[in-house]
Amino acid sequence: MFTLDDLPCLLPELSMVSVHGESRGGGERVAQNIQEIYNSQSKIVKLVKYKEARSWKTKFNISTVFLTSGLRDYFNLLYFILKGIRTVIYIQVPYHKVASLKNPIHLIATWIFLITIFALKIELFVNSKNAVPKVLQKRSTVVLPISQRIKVNRVKNKYTPSDNFVLVTACRLNIEVGRGSRDLKSLIRLLEECQALSNNSSIKYSVLHFGDVHPSVAHKFVDYSDVIEFCGFQEDWYETVCDVFFFFSNYEGFGLAAYEASKTGTLTVINEAFPEELTLVADNIKRINTQGETSIIKEIKNAHTLCH
């Protein structure tokens with residue numbers, strides 16, 4: 001496995017990285033880290049929005065492009081291949097798991113994209129083996145979306161849990177295309193357990209959520225307002241002192257937020273959807289079973305005991 005720090009060796013002539021946009025997502029942060037890594041070696045790499053990528057062909061000499069915007073980069077992929085430019089796709093989302101019959105247009109677009117990569121033998125990088133179907137795993141190069149340049153501060157005393165058991169998570173809870181990535185079923189089950197335990201013991205169990213929340217999704221949690229607090233987007237969310245960071249997904253490419261949380265030294269719990277590669281980068285990242293009969297809180301406390 002490689003990391004972002006290895007890209008200058010893997011792609012020594014990289015000129016341009018196509019990005020989704022200027023949002024606050026992990027993909028944009030990864031692209032920015034790539035640019036910083038090349039800049040630190042006195043190499044100029046342009047970050048270009050995927051919609052503008054083809055127009056940049058006439059603005060400066062491009063020798064290698066790195067496409068990180070997934071399905072949105074489909075026409076960029078075809079364009080640069082036809083121009084004879086070395087084109088590398090970096091898949092960070094397991095689109096084959098996102099696709100659903102509920103959205104047939106997205107389903108068709110997903111498989112056209114993946115079949116094109118396979119048929120044209122496109123150079124393929126992935127952030128974990130989870131990111132692509134098995135037929136593409138054999139031809140892909142794993143480049144973890146992490147770098148020595150990613151600095152996360154150790155925990156600061158911004159929040160004092162005292163005798164409470166505080167769990168923190170960070171993700172966007174938005175309306176999603178196809179199959180949703182967030183395991184809301186397990187999150188609600190966890191909140192129900194927090195309510196039951198808080199009502200029957202002197203310890204208060206609660207969840208702090210960081211990230212954007214769409215009103216229609218927030219409505220699902222009105223019955224749990226006593227055990228969950230929505231804190232909104234905060235860049236330093238991982239500096240919140242807590243007992244456990246947790247991340248529950250239906251599918252995941254890598255899990256950059258979980259990695260960032262683990263860098264604080266706090267126990268970081270993930271569910272079955274996260275790849276094995278993530279568990280190998282930090283000893284305090286523990287996978288639990290959220291689909292079994294054992295309570296999620298018990299699974300978390302067992303992991304907490306093992307970690308300490």
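Here are legends for four close-up views of a predicted model.

**View 1. Strand S5 sits between two parallel partners, S4 and S6.** On one side, S5 (residues 86-91) pairs with S4 (residues 64-67) in the parallel sense, with four bridges. Look for leucine 67 here, standing opposite isoleucine 89 of S5. The pairing of S5 with S6 (residues 123-126) is parallel too, again over four bridges, and valine 88 has glutamate 123 in S6 as its bridge partner. S5 is mostly covered, with five of its six residues buried.

**View 2. A right-handed β-α-β unit leads into S5.** The pieces are S4, helix H3 (residues 74-82) and S5.

**View 3. The largest nonpolar core holds 63 residues.** The members touching the most others are Leu7, Ile34, Phe66, Ile89, Ile91, Ile117 and Phe247. Helix H2 (residues 26-39) puts in the largest share, five residues. Zoom in on leucine 7 and, skipping neighbours within four places in sequence, you'll find it in contact with Pro12, Ile34, Tyr38, Phe66, Phe125 and Val143. Another core, of 26 residues, lies apart from this one and includes Leu173, Cys194, Ile228 and Ile296.

**View 4. Helix H7 (residues 184-199) has the span its residue count calls for.** At 1.5 Å a residue, its 16 residues should cover 22 Å, and the end C-alpha atoms are 23 Å apart, so the two agree. Its buried residues are a mixed bunch: Leu184, Ser186, Leu187, Leu190, Leu191, Glu193, Cys194, Gln195 and Ser198. An α-helix has 3.6 residues a turn, so residues three or four places apart point the same way.

How values were computed. Residues are numbered from 1 along each chain as its sequence is written. This is a predicted model: local features need pLDDT of at least 70, side-chain atom pairs count only at pLDDT 80 or more; totals for chains, interfaces and linings use all residues. Side-chain values use heavy atoms; hydrogens and water are left out. Buried means under 20% relative accessible area, exposed over 50%, partly exposed in between (1.4 Å probe, protein chains only). Two strands pair if DSSP finds at least two bridges between them. A crossover is right-handed if, with the strands pointing away from the viewer, the path from the first strand over the helix to the second runs clockwise. The expected span of a helix is 1.5 Å times one less than its number of residues. A nonpolar core is a set of buried Ala, Val, Leu, Ile, Met, Phe, Trp, Tyr and Cys residues joined through side-chain atoms within 4.5 Å. Contact means heavy atoms within 4.5 Å.
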